[in-house]
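Here are some worked exercises to go through with the model open beside you. Try each task on your own before you read its solution.

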Amino acid sequence: MLGQVRENAVHSLQPPPELDLLLFGGGHAHVAVLRALAMAPWPGVRVTLVTREVLAPYSGMLPAHVAGTLSWEAMHIDLGPLARAGGVRLIEAEVTGIDAAQRQLHFADRPPLSYDVLSVDSGITPALDEVPGARGQVLPTKPIATFLPRLTEALEAQHEALAAGQPIRVVGAGAAGVELALALRARLGPAVSLELLVAGERILPALPARVGRKARAALAAAGVAVRFEARVTAVEDGPTLRLASGEALPAALVLWATHAAPPAWLASSGLALDKAGFLAVGETLQSLSHSEVFAAGDVAALTHAPRPKSGVYAVRAGPVLTDNLKAFIAGHPLRPFKPQRRALYLLNLGDGRSLAAHPWLPAWVGRPLWRLKLAIDERFMARFRLPPMAEGSAAPSLLARTGAERGVALMRCEGCGSKLGPDTLRAGLAGLPGGARPVEDATPVAGARGLWQSIDGFPLPVDDLYLGGRLAAQHALSDLYALGLEPRQAWALATVPVASDRLMARDLGQLMAGAEATLSAAGCELAGGHSLEGPRAELALTVLGAEAPGSAPLLKGGGQAGDVLILTKALGVGVALAASAKGTAPSSLRQGALALMLEPSAPALPVLRAHGVRALTDVTGFGLLGHALEIAEASGLGLTLDPAAPVALDGVLPLLAAGEGAQLSEANAAPLAVAEGKGANLAEPRVRLLCDPQTCGGLLAAVPAATAEACLQALQDAGFASARAVGRLRVEAGLFLSEAHPHD
Ligand SMILES: Cc1cc2nc3c(=O)[nH]c(=O)nc-3n(C[C@H](O)[C@H](O)[C@H](O)COP(=O)(O)OP(=O)(O)OC[C@H]3O[C@@H](n4cnc5c(N)ncnc54)[C@H](O)[C@@H]3O)c2cc1C
């Protein structure tokens, strides 16, 4: 159903947005807001999700995952496709503060983001600082996103200690502690020693005593020791737990599942807080001090109806939060959130059974209850899984949906995948004086010795304009590095999506701050520019570079027969971005592509020069194949490429095998029609990879065969782990696909 309504939403005409709604945190309540937005957009509002993690764990399924019964994928909601389906911008970043007076979110490493309406569903942190020594020595169960990988690492690191009988101690006997202790038993088997530390005299103190007794029986049956009146007062090296009684308990690993603390940044936010420091909201889920701020989930203190910190209340708050945000923006009356007084918990006992906990019901235990719990949780998760976008359907990004282009945008690739194909480019330029001659990545500035300039740009491949600015600047600078030049100055042509003037000013600020951050790190001054409003965010930069003192520019035509072609980065950005936009790839693939794009190229230059590089370019829109051919043609030589050699970004080969690809890859593949060799089969994913357009791709260097191996080693030592010899220049004309032999 979501897939269908999403298409309706994407095609509907909307007025340009006038207001920024920021969703801070991808918690259990915000997924309901995202789902509602995917079903129907809210007129006049631009929605942005700011979250540290793009994969949102569903806590109800966590113990089953720890026990090994449920996969990682089963217990996570991928917020990327969900956000895109609703035209919600996604910014993956860690918030370090809220300034309620200025209506801004703050970050450690990027400029603040302004909001008109803010909704906070950011969860809580463990109360580590209340116990001296705990921070750094124990493994907190929250945030779940970091708990799971750290648990796996810790179990591996402590393998020998555990085998030697040192125990795992779980501190905290609420639902999380009990379920985790039982889940660890299911995962690790009977040989590992496990102990649950209870601060008082009751297990599950917030639940009826009969439930605690049943839980105790389950722990005993599973061989989990329980230590009562064991309040931890300090954690000493080892770690060793020091109890209030003075007793010292060494452990191989300590899991910390005690009560929660509010996030530290709340204290300075200027928002009204409850006594414990949580964000105080009233029945409409609005802050008691700032009506434009809403909160739900563990971070909120429901002052009208206090409840324990539990995912069930966050889930229940989702629909009310959704309605109230929408009503507040539209100026309509809000409705109260009435959290249920008594929730039914189905605790996972880790052995295929669940324990029912409800004030009015018996403490039933059984397998049918586990099946019931699983069915409820799976139904919840299914609500947030989206079918992939159909081919030819509208672009799912808000950036393509704002303003005039709403409703007419076909799925077009962003980033360098949106460049015109090589043949189209040649045809279009053929009538100009100078025609379609091959050009270098930059051109000499007329009348100025040693200065070169270039222009590059694209529709942003990300919703996050700050990140987009960084990528566009990196991509433009790459043209200078491709000639071995030193960046000096840049001019920007910035297009921001049509919106109210206030919102466009915010976008322009983010976009240019990102570009400036990358340019200034490269020693390049942002000297000026021009701005436009348009259907989607785009940034093009003219960059000016100077020849390095005593070093001639590295042209494409300097290659010699026998030279080895070395590529400094992995390939696959184009297909990863295209598949992410269509919803056929998980967010992890998009994250991998972003990390690859952000890898700097400049540090490769001194290494390449030291090994006698003779020709150089960067791999961008025309893919490795197109840019390698440019070197070969400019050098008057033939080319052998080895499809097996380049490193493929994790996850892209199966996509290429399934026929996915950026729109430009087909045009990029044209030279393969005349390629020779057994490898020239376009059905092969590795051959398709050669045609994949890259945004912020690596440098491609022709290096003498005699120094190629040492050059590769030096590149890898300098951090270019994916640097590979991918081909060779040869005397015979034409393109040949086969294995490269650096020493031939
Ligand atoms: C082991 C265990 C088992 C549990 N089992 C259950 C159960 O069975 N049933 C139940 O009801 N509850 C359970 N809970 C409790 C449950 O995990 C929480 O109550 C629930 O996750 C709270 O949801 P939330 O919406 O408040 O935030 P969360 O689900 O914690 O989500 C917080 C979101 O905010 C983001 N975020 C946080 N800080 C920042 C920041 N500074 N900048 C940017 N983004 C940020 C995170 O990336 C995340 O997307 C369990 C907890 C644990 C530890």
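**Exercise 1. Find L204 and describe its backbone.**

Step 1: L204 sits in the loop between strand 13 (194–197) and helix 8 (209–221). Helices (H or I, at least four residues) and strands (E, at least two) are DSSP runs, numbered from the N terminus.

Step 2: L204 has a positive phi of about 50°, although it is not a glycine. For background, most residues other than glycine have a negative phi, and most peptide bonds are trans.

Before you go on, two notes on the source. This is a predicted model, in which local features need pLDDT of at least 70 and side-chain atom pairs count only at pLDDT 80 or more, while totals for chains, interfaces and linings use all residues. Residues are numbered from 1 along each chain as its sequence is written, and side-chain values use heavy atoms, with hydrogens and water left out.

**Exercise 2. Locate two cis peptide bonds.**

Step 1: Look at K142 and P143, which are joined by a cis peptide bond with omega about -10°. P143 belongs to the loop between strand 11 (139–140) and helix 5 (144–157).

Step 2: Now turn to G238 and P239, where a cis peptide bond has omega of about 5°. P239 is found in the loop between strand 15 and strand 16.

**Exercise 3. Work out the hairpin around that second bond.**

Step 1: Strand 15 (residues 232–236) and strand 16 (residues 240–243) pair in the antiparallel sense over 4 bridges. Two strands pair if DSSP finds at least two bridges between them.

Step 2: For one bridge, start at E236; its partner in strand 16 is T240.

Step 3: The two strands form a hairpin with 3 residues between them, and G238 in the turn has a positive phi of about 140°.

**Exercise 4. Trace the sheet that contains strand 7.**

Step 1: The sheet is open, with 3 strands in the order 6-7-8 and antiparallel pairing. Its edge strands are strand 6 (95–99) and strand 8 (113–114), each pairing on one side only.

Step 2: Strand 6 and strand 7 (residues 104–107) are linked by 4 bridges in the antiparallel sense. Within this pairing, I98 has L105 of strand 7 as its bridge partner.

**Exercise 5. Describe the surroundings of the ligand.**

Step 1: Which residues come nearest to the ligand? Of the 30 residues around the ligand (a heavy atom within 4 Å), they are H28, E53, D121, D298 and G311.

Step 2: Sort the shell by class: 10 residues are nonpolar, 13 polar and 7 charged. Here Ala, Val, Leu, Ile, Met, Phe, Trp, Tyr, Cys and Pro count as nonpolar, Asp, Glu, Lys and Arg as charged, and the others, Gly among them, as polar.

Step 3: Check distances from ligand oxygen atoms. An N or O atom in the side chain of T51 is 3.3 Å from one, and for the side chain of K142 the distance is 3.1 Å. At D298, a backbone N or O atom lies 2.7 Å from an oxygen atom of the ligand.

Step 4: Finish with the elements. Helix 7 (175–188) and helix 9 (311–330) are the ones that give two or more residues to the shell.

Technical notes
A polar contact is a pair of N or O atoms within 3.5 Å; within protein, one must be able to donate a hydrogen and the other to accept it, and residues adjacent in sequence count only if both atoms are side-chain atoms.
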